[in-house]
2 protein chains.
Amino acid sequence: MAKAQKPTINDVARLSGVSKKTVSRVINKSPLLNQATREKVEAVIAQLDYVPNPQARALALRRNFLIGLIHDNPNAQMVLGVQEGILDTIRSTEFALVVRPVDRHSPTLLDDIHRFIEQQRLYGVMLLPPLSENDELARLCRDLGCTVVRMGSARLDDEAHLVASNDQEAVSEAVAWLAELGHTRIGFIAGPDGFRSARERELGFIAGMGRAGLTIDPALLARGNYQFESGHAAGQHLLGTATPPTAIFASNDEMAAGVLHAACERGLRVPHDLSIIGFDDTAIAAHIWPPLTTVRWPIRAMARTAALKLTRPETAARDAAFFPSELVRRASAVRAPS
Amino acid sequence: MAKAQKPTINDVARLSGVSKKTVSRVINKSPLLNQATREKVEAVIAQLDYVPNPQARALALRRNFLIGLIHDNPNAQMVLGVQEGILDTIRSTEFALVVRPVDRHSPTLLDDIHRFIEQQRLYGVMLLPPLSENDELARLCRDLGCTVVRMGSARLDDEAHLVASNDQEAVSEAVAWLAELGHTRIGFIAGPDGFRSARERELGFIAGMGRAGLTIDPALLARGNYQFESGHAAGQHLLGTATPPTAIFASNDEMAAGVLHAACERGLRVPHDLSIIGFDDTAIAAHIWPPLTTVRWPIRAMARTAALKLTRPETAARDAAFFPSELVRRASAVRAPS
DNA sequence: ACGCGGCTGGAAACCGGTGTCAAAACCCGA
DNA sequence: TCGGGTTTTGACACCGGTTTCCAGCCGCGT
């Protein structure tokens, strides 16, 4: 550990007999540069094992090589998946990931985020649902000079990048699967009002029922807020009706777990008496009993793509990237009781 | 948005009629400063709504106001809890949180982290288990000039801060609870070899059994790696013995869920035929059926304290902070079958 | 009245990069 | 050989703070 100091751009310049500016040009891959000079400087850089100081760059460029992950997401599995996906992309770059969990109901939300972005001079920000559905927030980030990627929202904003999965089709497929298993009385638990993902999944349910030639019984519709308790309540409600459903689709896994609780409390056997399907394939899906049939969407891969869009805005087209979801068939959905 | 520019230290200096240096002294609360001057400058700062530029500070100080969270933790719930706890503490400060999930088995781990810390010029780093048990890693961080907080490791390193819960006592209490419920054949699934937390919980089990006057049957001991599958396998093994246990303590919730699966597969009814207790009180504990009796430790509060130690090394004593865990009694542990 | 040490506060250099702009070097045909 | 146009390169200011070093001012002892 006798290493004196990290080499600076000045060291490189001196050793290769050029000016700082030229070294800077090499680093930034400026095109107007003699090939021979470039190679000479690159050799010195390699020899010294020189790495530009990000803090100095940040100061000069008024922009930090940080990408911010802003979220208010109850789904730990998903948030962590996103973090890992982003890291996959930026691990060997100069970028770093800074996270900022927030409370989306805080009245000072916009101010806080404004301050945060300005302070850290973020390069780009990534918004997770449900925050990604907040247009005002996206605009703020953009106005502050960040590239923005919104995840999982289904509308194409003209200025922000978008990375989404196709929830609607996936739910439709899940419903088709239930129909194929012989279910006709299928209950549906929607996500909270105002969430685009919730709306998409709802539309998927309607489409799926239509395609299967089934009618939708309004008595079999309920709404939750993506949290366990709300799924539990909705399940109790649905199962307490005169002619209860033989299958329930919940708009996310957590609510599906709630439904399972409700069923168990009533002495129903799952899946024998009631089939359940969830959405997200979070850790809980595979770990409850019976293992939950659910829809998996490739969080980590999506985050990788999103990070690419953030860190190489020039490379990535400013268009929506859609990722296919996949129905994971487990034991919680079986043939309808006859 | 007609705001011209963010005010700089020069603006403050000019408006208050002093030099940059004096302003800098005010910001850094230097003690050798005339009270009148200080107040004058502070007034201008408030009036301009001036915030020092962190990038410039980072450059000058050779140290960024970033704290790094380094982890390789399969427990999303816990990692996110830590992130939130840290944010609780640093939200209104100039600090930001940068995360770095890593692979603890990577041969380049130390190099990667070395580069990472050096590049970002981290102020402090926080190590989560199992990484927090890596002495070499902790030393590296320290040598690089970071304050270090290790979470959940039970040994006091003389140079790093430590924030831990008292796993041993908590497990002991859980075992006492099972004994009180009339269980005598109690199985134990240990965590992976080499994990301090695993060792602590093991010791807690032994102590608890001893205190309850029960003997430990080696046939009822198994080992997992904190993941679902290993708990599942261990459960199958334990339940397949000639005289299976009536209760099983798993060293974390995920493995407990695995045990539950194993029991269900064998047609056992939980908790009627088998009581199960887990550890961590992650989301899954409350969401499986039956709800899991488990040990809860105050992750978020611990992370808050840890962040305090990191950002105010001068305030916080360099000693271990211990947090009490609590047994959460749910439906998965009941009176032993007679 | 004078000299001296302790505080305050300012000028200028510095941290390690990037932008501007003009000079130097090079190319080619006339 | 020269002029004009096109690269290529370097000098220098700048980003917004901190640090070093020194001058000015003060009160105080003699």
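**Exercise 1. Decide whether Pro52(A) is buried, partly exposed or exposed, and say where in the chain this residue sits.**

Solution. The relative accessible area of Pro52(A) is 23%. Buried would require a value under 20%, and exposed a value over 50%, so Pro52(A) is classed as partly exposed. These values come from a predicted model. The next step is to place the residue: Pro52(A) belongs to the loop that runs between helix H3 (35-48) and H4 of chain A. Finally, a distance can be added, for the C-alpha atom of Pro52(A) is separated by 14 Å from that of Val41(A), a residue 11 positions away along the chain.

**Exercise 2. Describe the protein surface around DNA strand D: how many residues surround the strand, and which are the closest?**

Solution. Begin with the count, which is 28 residues, the closest of them being Thr22(A), Thr37(A), Ile9(B), Lys21(B) and Ser24(B). Turning to the DNA side, 59% of the strand D atoms that come within 4 Å of the protein belong to sugar and phosphate.

Next, look at single contacts. A polar atom in the side chain of Thr22(A) lies 2.5 Å from a phosphate oxygen of DNA strand D, and for Ser24(B) a side-chain N or O atom is likewise found 2.5 Å from a phosphate oxygen of this strand. With Asn53(B) the contact is made by the backbone, where an N or O atom lies 3.1 Å from a phosphate oxygen of DNA strand D.

Then ask which helices take part. Helix H2 (20-27) and helix H4 (54-61) of chain A, and helix H2 (20-27) and helix H4 (54-61) of chain B, each supply at least two residues of this surface, while the largest share, 5 residues, comes from H4(B). Sorted by class, the surface near DNA strand D holds 13 nonpolar, 9 polar and 6 charged residues.

**Exercise 3. Repeat the description for DNA strand C, and find which atom of the strand lies 2.8 Å from the side chain of Lys20(A).**

Solution. Around DNA strand C there are 29 residues, and those that come nearest are Ile9(A), Ser24(A), Ser19(B), Thr22(B) and Thr37(B). Of the atoms of DNA strand C within 4 Å of the protein, sugar and phosphate make up 62%.

The contacts can now be taken in turn. A polar backbone atom of Ile9(A) is 2.6 Å from a phosphate oxygen of DNA strand C, and a polar backbone atom of Ser19(B) is 2.6 Å from a phosphate oxygen of the strand. For Lys20(A), the partner of the side-chain N or O atom is a base nitrogen, at 2.8 Å.

As to the helices, H2 and H4 of chain A and H2 and H4 of chain B each give at least two residues to the surface near DNA strand C, and H4(A) provides the largest share, with 5 residues. The classes here are 13 nonpolar, 9 polar and 7 charged.

**Exercise 4. Examine the salt bridge between Arg104(A) and Asp72(A): how far apart are the closest N and O atoms, and where do the two residues lie?**

Solution. The closest N and O atoms of this salt bridge are 2.9 Å apart. The pair joins distant parts of the chain, with Arg104(A) in the loop between strand S2 (96-101) and helix H6 (109-120), and Asp72(A) in the loop between strand S1 (66-71) and helix H5 (76-90), 32 residues apart. Side chains of opposite charge can pair when their charged atoms come close. The last step compares cover: Arg104(A) has a relative accessible area of 29% and is therefore partly exposed, whereas Asp72(A), at 17%, counts as buried.

**Exercise 5. Carry out the analysis for two salt bridges of chain B, Asp193(B) with Arg223(B) and Glu326(B) with Arg296(B).**

Solution. In the pair of Asp193(B) and Arg223(B), the N to O distance is 3.9 Å. Asp193(B) lies in the loop between strand S6 (186-190) and helix H9 (196-211), and Arg223(B) in strand S7, 30 residues apart. Asp193(B), with a relative accessible area of 64%, is exposed, while Arg223(B), at 41%, is partly exposed.

In the pair of Glu326(B) and Arg296(B), the N to O distance is 3.8 Å. Glu326(B) belongs to strand S12 and Arg296(B) to strand S10, with their positions 30 residues apart in the chain. Both count as partly exposed, Glu326(B) at 42% and Arg296(B) at 34%.

Technical notes: Residues numbered from 1 in each chain as written. Chains lettered and ligands numbered in written order. Predicted model: local features only at pLDDT ≥ 70, side-chain atom pairs only at ≥ 80, totals over all residues. Heavy atoms only, no water. Near = heavy atom within 4 Å. Polar contact = N/O pair within 3.5 Å; in protein donor to acceptor, adjacent residues only side chain to side chain. Helix = DSSP H or I, 4+ residues; strand = E, 2+ residues; numbered from the N terminus. Nonpolar A, V, L, I, M, F, W, Y, C, P; charged D, E, K, R; others polar. Buried < 20%, exposed > 50% of the residue type's maximum accessible area, 1.4 Å probe, protein only. Salt bridge = Lys/Arg side-chain N within 4 Å of Asp/Glu carboxyl O.
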